[in-house]
Structure formats: C-alpha cells, structure tokens
Amino acid sequence: MPTTQSTVDFLVEQMAESGLVRSNKMFGEYAIYCNEKVVALVCDEQLYVKKSKTSTTFLDASHEAPPFPGAKNYLRVPQEHWDDSEWLSNFIRQTAEALPLPKPKKKK
C-alpha cells in the first residue's frame, strides 16, 4: 500500500525539533531529510531510519528490515514511537549528526 502524504506530513511535524526536516517524493514513496541528509524513508506507511553508530541507543537489531525489496536494512520504527516527538526528534537528529554529508552532484 503506497504511503499517503498525510502520514509523511505527520512524521515530518513530529521530527521538527531535530533540525531542518523535509520530505521528498521518490519512486512513489518518500525520503526524509534532516539538515539536507537523507535520514529515513517512508515506504508502505512504515518509517525506516538509516542505521548509524548511535542507532542502538534507540532501537536494537530486531527492528532491522529493508524498506523495499533489494534495499539495505534500515531500522523500522514501530508506530507506537511516532507520537513521541521528543524521542523521534532525538533519533533523527543523532542519525543526521552521525551520517556523512552527501557527495556533491557532478556537473553536466
């Protein structure tokens, strides 16, 4: 089932305390950016956060799952955490801080 815009809007609002958070529709699903780094994907109405060196302080390995077939494992955030904006914002902020800056796009 494809993700609805209202789900993404809710999640972005819940993550607002973590920094500059925005979403971008990609391939029918959504990427979540924090301070211009892709930190999460929303696929099939599920939130998947990239693994980082700080991930284990939020979720253990039992939450690892690919957001779509053939993808690397991310951490699937249970929906009971979606309403806790402080927990979710901290998770997203610490993930963004641990991830490297995106590589600059090559000029054509």
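## Close-up views of a predicted model

**View 1. Tyr48 and its surroundings.** Leaving out residues up to four places away in sequence, Tyr48 touches Val39, Ala40, Leu41, Cys43, Ala65, Pro66, Pro67, Tyr74, Leu75 and Arg76. Please keep in mind, here and in every view below, that this is a predicted model. Tyr48 belongs to strand E4. Is Tyr48 buried or exposed? With a relative accessible area of 8%, Tyr48 is buried, because anything under 20% counts as buried. For a sense of distance, look for Ser18, which is 30 residues from Tyr48 along the chain; the C-alpha atoms of Tyr48 and Ser18 are separated by 16 Å.

**View 2. The sheet from edge to edge.** Six strands form an open sheet, and their order across it is E1-E2-E3-E4-E6-E5. The pairing is antiparallel. In general, strands of a sheet pair through backbone hydrogen bonds, and the pairing can be parallel or antiparallel. Which strands sit at the edges? They are strand E1 (21-26) and strand E5 (64-65), each of which pairs on one side only. At the E5 end, two bridges join E5 to E6, and these strands run antiparallel. One bridge to find here links Glu64 with its partner in E6, Leu75.

**View 3. Strand E3 and its two hairpins.** Six of the seven residues of E3 are buried, so this strand is mostly covered. On one side, E3 is joined to E2 by five bridges, with the two strands running antiparallel. Tyr30 has Val42 of E3 as its bridge partner. On the other side, four bridges join E3 to E4, again in an antiparallel arrangement. Val42 turns up here too, with Leu47 of E4 as its bridge partner. Each of these pairs makes a hairpin: E2 and E3 have two residues between them, and E3 and E4 also have two residues between them.

**View 4. The turns of the hairpins.** Start with Asn35, found in the loop between E2 and E3. Asn35 has a positive phi of about 50 degrees, although it is not a glycine. With a relative accessible area of 42%, Asn35 is partly exposed. Now move to the loop between E3 and E4, where Glu45 is found. Phi of Glu45 is near 65 degrees, a positive value in a residue other than glycine. Asp44, in the turn of this E3-E4 hairpin, has a positive phi of about 50 degrees. How accessible is Glu45? Its relative accessibility is 14%, and Glu45 therefore counts as buried, the limit being under 20%.

**View 5. Helix H1 and Thr7.** H1 lies across E1, E2, E3 and E4 and runs at about 155 degrees to E1. Thr7 is a good residue to look for in this helix. Thr7 is buried, with a relative accessible area of 11%. Which residues does Thr7 contact, leaving aside its neighbours within four places in sequence? They are Val42, Glu45 and Trp82. Val42 is the bridge partner of Tyr30 from View 3, and Glu45 is the loop residue from View 4.

**View 6. Helix H2 and the nonpolar cores.** H2 packs on the sheet, where it touches E2, E3, E4 and E6. The direction of H2 makes about 130 degrees with that of E3. How many residues make up the largest nonpolar core? There are 24, and those with the most contacts inside the core are Met15, Ile32, Val39, Leu47, Val77 and Phe91. At least two core residues come from each of helix H1 (5-14), strand E2 (29-34), strand E3 (37-43), strand E4 (46-49), strand E6 (74-77) and helix H2 (85-98). H2 gives the largest share, five residues. Phe91 touches Val49, Ser55, Phe58, Leu59, Leu75 and Val77, not counting residues up to four places away in sequence. A second, separate core has six residues, including Ala31, Tyr33, Cys43 and Tyr74.

**View 7. The largest pocket.** This pocket has a volume of about 430 Å³. Its lining is made of 20 residues. Which of them lie nearest the centre? They are Met26, Ala31, Val38, Leu41 and Lys50. E2 and E3 are the elements that give two or more residues to this lining.

Note on methods. Residues numbered from 1 in each chain as written. Predicted model: local features only at pLDDT ≥ 70, side-chain atom pairs only at ≥ 80, totals over all residues. Heavy atoms only, no water. Core = buried A, V, L, I, M, F, W, Y, C linked by side-chain atoms within 4.5 Å. Buried < 20%, exposed > 50% of the residue type's maximum accessible area, 1.4 Å probe, protein only. Contact = heavy atoms within 4.5 Å. Pairing = 2+ DSSP bridges. Axes fitted to C-alpha atoms, helices over the stretch in contact; angles between N-to-C directions. 1 Å grid on protein atoms, 1.4 Å probe; cavity = no way out; pocket = protein on both sides within 12 Å on 5 of 7 lines; lining within 4 Å. Points joined across faces, edges and corners; volume = space filled by probe spheres on them.
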